[in-house]
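Below are some comments on the structure, set out as numbered points. Please read them with the sequence and the coordinates open beside the text.

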Amino acid sequence: MSKVAIFCEGETDIQFLKSLIEHMGFRKNDVISYIMSSKSYFFDENHRKYKDVKLETDSDTIRKILFVLDADDINKDAVYGGYLNTKDKLDNVITNLGIKNISQVYVMRDPITQNGNLESLILSTIDQQLRSCIECFLDCSQLESKENHKAILNRIYHIVYPNEQYNFKHPHFDELKTKLTQLFVESE
């Protein structure tokens, strides 16, 4: 079986994706991970990781690619923020790279607001009352850093739900699970 490639922003993202991949019964070792370190790097068509993956696709080592990145907030970044901006800009890059026919894009976000990141997606899958408490705490804490919010959200989630990783049965994960299924099944 050829391997599949997943491009994502950071280590937390790939760890989450690999836990979902295992949960779905696929082999996480069949994934070649490309950590971009920053959302802006996804839009740099000359990024060295794109050259690396192009070599892998040309040699048929990689047959399918999934790009996973955060929507972030359109009000804070009018160019790359928000679901549609992110998806449209990345679709243009993928087309220009000549890998459109083997690529998919998943933009992580709260499916209701269409903004956010991995943590927003996870938060959208928990009980509304608990979600309100967490959001209230984050607002009251006045922590300005996005990274602080993400770390606190992850930690709170694991404290509240110590025996389960994530609620992968929640319908907000369905789109991502569909893309992962297509990634693995169609690359066999």
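1. Arg109 is a good place to begin, since this arginine is buried, with a relative accessible area of 6%. The model is a predicted one, and what follows should be read with that in mind. Arg109 sits in the loop that joins strand E4 (103-108) to helix H4 (118-123). The side chain of Arg109 comes to 2.5 Å from the backbone oxygen of Val107, and a polar contact of 3.0 Å links the side chain of Arg109 with that of Glu175. Setting aside residues up to four places away in sequence, the residues that Arg109 touches include Ala71, Tyr83, Asn115, Ser120 and Leu121, and Glu175 is also among them.

2. Met108 belongs to strand E4 and is buried, with a relative accessible area of 0%. When neighbours within four places in sequence are left aside, Met108 is in contact with Asp13, with Val68, Leu69, Asp70 and Ala71, and with Gly116, Asn117 and Leu118. As a reference distance across the model, the C-alpha atoms of Met108 and Asn163 lie 24 Å apart, with the two positions 55 residues apart in sequence.

3. On the overall architecture, the protein comprises seven helices and four strands, and the order of these elements from the N terminus is β-α-β-α-β-α-β-α-α-α-α. The radius of gyration is 17 Å, close to the 16 Å that the globule rule gives for 188 residues, so the protein is as compact as a globular protein of that length. The C-alpha trace spans about 50 × 35 × 25 Å along its principal axes.

4. On packing and surface, 48% of the 188 residues are buried. Of the contacts with a separation of 6 or more, 68% are between residues 24 or more positions apart. The accessible surface amounts to about 9800 Å², and carbon and sulfur atoms account for 48% of that area.

5. How many salt bridges does the model contain? The count comes to ten, and a few of them merit individual inspection. Arg27 and Asp30 form one such bridge, with 3.2 Å between the closest N and O atoms; here Arg27 is exposed at 54% relative accessibility, whereas Asp30 is buried, with a relative accessible area of 10%. In the salt bridge between Arg63 and Asp60, the N to O distance is 3.0 Å, and both partners are partly exposed, Arg63 with a relative accessible area of 36% and Asp60 with one of 39%.

6. Lys177 and Asp174 form a further salt bridge, in which the closest N and O atoms are 3.8 Å apart. This distance deserves a second look, given that the cut-off for a salt bridge is 4 Å. The two residues are three residues apart in helix H7 (residues 174-185), so about one helical turn separates Lys177 from Asp174. Asp174 is partly exposed, at 37% relative accessibility. Elsewhere, salt bridges link Lys87, Asp91 and Lys100 in a network.

7. Turning to the aromatic residues, the structure holds eleven aromatic pairs. One of these is formed by Phe168 and Phe173, whose rings lie 5.4 Å apart, centre to centre, with 65° between the planes, an edge-to-face arrangement. Both Phe168 and Phe173 are buried. Phe7, Tyr34, Tyr50 and Phe67 come together in one aromatic cluster.

8. Two backbone positions should be checked, because most residues other than glycine have a negative phi. Ser37, which is not a glycine, has a positive phi of about 75°; Ser37 lies in the loop between strand E2 (31-35) and helix H2 (48-58) and is exposed, with a relative accessible area of 59%. Asp72, likewise not a glycine, has a positive phi of about 60° and is found in the loop between strand E3 (62-70) and helix H3 (83-97). Is Asp72 buried or exposed? Asp72 is buried, its relative accessible area being 18%, which falls under the 20% cut-off for that class.

Technical notes:
Residues are numbered from 1 along each chain as its sequence is written. This is a predicted model: local features need pLDDT of at least 70, side-chain atom pairs count only at pLDDT 80 or more; totals for chains, interfaces and linings use all residues. Side-chain values use heavy atoms; hydrogens and water are left out. A salt bridge is a side-chain nitrogen of Lys or Arg within 4 Å of a carboxyl oxygen of Asp or Glu. Buried means under 20% relative accessible area, exposed over 50%, partly exposed in between (1.4 Å probe, protein chains only). Rings of Phe, Tyr and Trp (its six-membered ring) pair if their centres lie within 6.5 Å; planes under 30 degrees apart count as stacked, over 60 as edge-to-face and the rest as tilted. The radius of gyration is taken over C-alpha atoms; the globule rule is 2.2 Å times the number of residues to the power 0.38. Contact means heavy atoms within 4.5 Å. Accessible areas come from the Shrake-Rupley method with a 1.4 Å probe; for residues, only the protein chains shown count as cover. A polar contact is a pair of N or O atoms within 3.5 Å; within protein, one must be able to donate a hydrogen and the other to accept it, and residues adjacent in sequence count only if both atoms are side-chain atoms.
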